[in-house]
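Student: I have a model open on my screen and would like to walk through it with you. Could we take it one spot at a time?

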Amino acid sequence: MPFEPFYEGFRDLAIKETRNVTIFEDHPTLPADEYGLVEFYCNDENCDCRRVIFNVLSKNRNDYVAVIGYGWESADFYRQWTIRDDPGVVRELQGPVLNPLSPQSEIAPALLELMRTLVLKDPAYVARLKRHYQMFKEKVDPKHFRKSGAAKQVASLKEKTKKRRRSR
Ligand SMILES: [Zn+2]
């Protein structure tokens, strides 16, 4: 699965909507810093993996300090998607996990914990990730994704907004 940064296709939106987590002094496991959660999505054709890879960027170090994989769908979804009933594989796809093939720093496990217990518990943020994924896929793979149900959902949301505007 080749992953590409969301900001490459959607620079302005990425600047506006990439989450930064600020950690202050006296945090039990992480050094005070600003951590940018840079989103990467898979650009494989006809692949609906529904995952994001976060490259966590430390502002102080000016370097990536963790690579974290996360899939927002159910275990059942990934079981069917892989066509393998391997709980280890399913758990890894769902995450959040430290991406096994990526370089990780010594604070990566603490960042993973932060993602698991705080950042990914925010439904509004997870909804934003899904929206970014859909936009990204429609751009890199319009043949398959413009037709998908998720695309229709996005379209009907837009339609509703339009109607609301008209009725004002
Ligand atoms: Zn994929």
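Student: Where does Asp26 sit?
Tutor: Helices (H or I, at least four residues) and strands (E, at least two) are DSSP runs, numbered from the N terminus. This is a predicted model in which local features need pLDDT of at least 70 and side-chain atom pairs count only at pLDDT 80 or more, while totals for chains, interfaces and linings use all residues. Residues are numbered from 1 along each chain as its sequence is written. With that numbering, Asp26 belongs to the loop between strand 2 (20-23) and strand 3 (33-42).

Student: Is Asp26 buried or exposed?
Tutor: A residue is buried if 20 or more other C-beta atoms lie within 10 Å of its own, exposed if 12 or fewer, and partly exposed in between, with C-beta atoms placed from the backbone. Phi of Asp26 is positive, near 70°, although the residue is not a glycine. Asp26 has 6 C-beta neighbours inside 10 Å, so it counts as exposed.

Student: What is the phi of Asn46?
Tutor: Asn46 lies in the loop between strand 3 and strand 4 (51-58). Asn46 is exposed, because it has 8 other C-beta atoms within 10 Å. It is not a glycine, yet its phi is positive, at about 55°.

Student: How confident is the predictor in the protein chain?
Tutor: The score to read is pLDDT, the predictor's confidence in each residue, from 0 to 100. In the protein chain, 86% of the residues score at least 70, and the average pLDDT is 89. Residues 159-168 have a pLDDT below 50, and beyond near neighbours in sequence this stretch has zero contacts in the model, a contact being two residues whose C-beta atoms, placed from the backbone, lie within 7 Å. The average asked for is a pLDDT of 89.

Student: Which elements give two or more residues to the largest nonpolar core?
Tutor: A nonpolar core is a set of buried Ala, Val, Leu, Ile, Met, Phe, Trp, Tyr and Cys residues joined through C-beta atoms within 7 Å. The largest one has 25 residues, and those with the most contacts inside it include Tyr41, Phe54 and Ile68. The elements giving two or more residues to this core are strand 3, strand 4, strand 5 (63-71), helix 5 and helix 6 (123-140).

Student: Why is strand 4 described as largely enclosed by the rest of the structure?
Tutor: Two strands pair if DSSP finds at least two bridges between them. Strand 4 pairs with strand 3 in the antiparallel sense over six bridges, and eight bridges join strand 4 to strand 5, also antiparallel. As for the enclosure, it follows because the buried residues of strand 4 number six of eight.

Student: Which residue of strand 5 stands opposite Val56?
Tutor: Strand 4 and strand 5 form a hairpin with four residues between the strands, where Asn62 takes a positive phi near 50°. On the side of strand 3, Phe40 stands opposite Ile53 in strand 4. Across from Val56, in strand 5, stands Ala66.

Student: How many C-beta neighbours does Leu37 have inside 10 Å?
Tutor: Leu37 lies in strand 3. Leaving aside residues up to four places away in sequence, Leu37 touches Thr18, Arg19, Val21, Phe54 and Val56. Leu37 counts as buried because its C-beta neighbours inside 10 Å number 22.

Student: Which elements do the buried residues of helix 4 pack against?
Tutor: The buried residues in helix 4 are Val90, Leu93 and Gln94. Seen down the helix axis they fall within an arc of 95° (taken from the directions from the axis to the C-beta atoms), so they line one face of the helix. Gly88 and Arg91, on the other side of helix 4, are exposed. The buried residues pack against strand 4, strand 5 and helix 3 (75-82).

Student: Which residue does a cis peptide bond join to Gly95?
Tutor: Gly95 follows helix 4 and has a positive phi, near 65°. The loop between helix 4 (87-94) and strand 6 (97-98) holds Pro96. With omega at about 0°, the cis peptide bond joins Gly95 to Pro96.
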